Amino acid sequence: MMIRLSGITPSGEAHLGNYLGAVRRWAREPGPDDLYFVSNLHAMTTPHEPERLRSLTQHQLAFLVASGVPWESMFVQSDLVREHMALSWLLECTCTFGEARRMVQFKEKSEGNSSVRLGLLTYPVLMAADILLHGTATVPVGNDQKQHVELARTLARRFNTTYGEVFVMPEAVVPTAGARVRDLANPAKKMSKSSSDQDGIVYVLDDPAVVRRKFQRAVTDGLNSVRYVPQEQPGVANLLEILASCTDTTPEAAAEGITGYRDLKEAVAEAVAAEAAPVRERMLDLLEGGAELQKIRAAGAERARERSAARLNRALELAGVG
Ligand code: AQP
């Protein structure tokens, strides 16, 4: 089995970047051994509200199901909280403080913050536990997460040689190119769940009128020229990339026949609303019904537990605590 593991963190509601950049691809090109999980334990490294986290976890699971990601391949991380935390502890006791402290994301996110949660330091070890628990062979990650996969490899190697062979050696792979969606209000930034400016983010659950309004307000430039030149016209390029992604074409081809920014914004808003409509409807059904989502969640947890039990038990035994 060549398990490929990807996750989505419920740090906010699902947006167009999550969909066009990742989740639509997970649905369109699922590998036979792929695993997808809602990484809700990772949403606790910064202050969070328990009820909101609970509901965002359901929201992101519904998003995966509604987008067409095979439901047999998904689970929620906290449904295996004992398993993930047990392995995380074994790995924390395998990792040095220096290794954890060297993580670039920790350095960046903790700088100037006087009340950093310890979880921000240790979350790459939890990520290593996510990866190693399920026997993952490949982890599609961007540059910002490569160092964490490298840490998972270091810890797997050290544990295997110190205590005995148990973990598959994971490898970071470059994800198949998906759209890189930028913030509509600030095209220099990527569209992000935790962004403070709501106007720049198009949520999957936004109704079509809201989608239209957000695109009408999207930042462009004073050139009034619809062409794909990202360095000179980042706002227009972002709109063309979104339009191209929704209509399965190239940004250059998407620009053809569109003469003004008003028409461009209308065309993108229409394409996005059409692309998101089935996902939005299915998500709302799943969230309203509850029972179907609960069934999928429980079955996913059961499968994930079965898949990981022998490996975890072996690791505990090798470390002298099982
Ligand atoms: N703007 C984006 N364009 C393309 N892909 C994106 N992804 C996120 N934003 C964009 C991809 O969505 C998947 C799930 O994301 P995640 O939950 O793991 O975290 P993230 O990348 O940190 O997403 P956000 O929305 O930016 O969240 P916050 O604000 O909490 O950091 C990933 O595959 C990601 O690449």
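User: How many cavities of 30 Å³ or more does a search of the whole structure find?

Analyst: First, a caution: this is a predicted model. A cavity is a space where a probe fits but cannot get out. Here the search of the whole structure finds one of 30 Å³ or more. The largest cavity holds about 40 Å³ of space.

User: Which residues line the largest cavity?

Analyst: Look for L16, Y19, V202, Y203, V204, V272 and A276. Then see which helices they come from. Helix α1 and helix α11 (261–289) each give at least two residues to this lining.

User: What classes of residue make up the lining of the largest cavity?

Analyst: Sort the residues into nonpolar, polar and charged. This lining has seven nonpolar residues, no polar ones and no charged ones.

User: Now the ligand. Which residues come nearest to the ligand?

Analyst: Start with the shell of residues around the molecule. There are 17 residues around this ligand, and S11, H15, S192, K193 and S194 come nearest. By class, the shell has five nonpolar, nine polar and three charged residues.

User: Which helix or strand supplies the largest share of the shell around the ligand?

Analyst: That is α1, with four residues. Strand β1 (5–8) and helix α1 (16–28) each supply at least two residues of the shell.

User: Where are the polar atoms of the ligand and the protein paired?

Analyst: Look for pairs of N or O atoms within 3.5 Å. One ligand oxygen atom is 2.6 Å from an N or O atom in the side chain of S11. A ligand oxygen atom is also 2.4 Å from an N or O atom in the side chain of S194. At M191 the backbone takes part: one of its polar atoms is 2.9 Å from a nitrogen atom of the ligand. On its own, the ligand has 640 Å² of accessible area, and the protein covers 77% of that.

User: What is the volume of the second largest pocket?

Analyst: A pocket, unlike a cavity, is an open set of points. The second largest pocket has a volume of about 210 Å³. It is lined by 14 residues, and P32, D33, D34, L35 and R307 are the closest to its centre.

User: Which elements supply its lining, and how do the residues divide by class?

Analyst: Strand β2 (35–38) and helix α12 (291–318) each supply at least two lining residues. The lining of this pocket divides into seven nonpolar, two polar and five charged residues.

User: Last topic. How many salt bridges does a search of the whole structure find?

Analyst: A salt bridge pairs a side-chain nitrogen of Lys or Arg with a carboxyl oxygen of Asp or Glu, within 4 Å. The search finds 13 of them. One joins the side chains of R305 and E83, at 3.4 Å from N to O. This pair links distant parts of the chain. R305 is in helix α12, E83 is in helix α3 (residues 81–92), and they are 222 residues apart.

Notes. Residues are numbered from 1 along each chain as its sequence is written. This is a predicted model: local features need pLDDT of at least 70, side-chain atom pairs count only at pLDDT 80 or more; totals for chains, interfaces and linings use all residues. Side-chain values use heavy atoms; hydrogens and water are left out. A residue is near a molecule or strand if one of its heavy atoms lies within 4 Å of it. A polar contact is a pair of N or O atoms within 3.5 Å; within protein, one must be able to donate a hydrogen and the other to accept it, and residues adjacent in sequence count only if both atoms are side-chain atoms. Accessible areas come from the Shrake-Rupley method with a 1.4 Å probe; for residues, only the protein chains shown count as cover. Ala, Val, Leu, Ile, Met, Phe, Trp, Tyr, Cys and Pro count as nonpolar, Asp, Glu, Lys and Arg as charged, and the others, Gly among them, as polar. On a 1 Å grid over the protein atoms alone, a cavity is a set of points where a 1.4 Å probe fits but cannot get out, and a pocket is an open set with protein on both sides within 12 Å along at least five of seven lines; lining residues have an atom within 4 Å of a point. Grid points are joined across faces, edges and corners, and a volume is the space filled by probe spheres set on the points.
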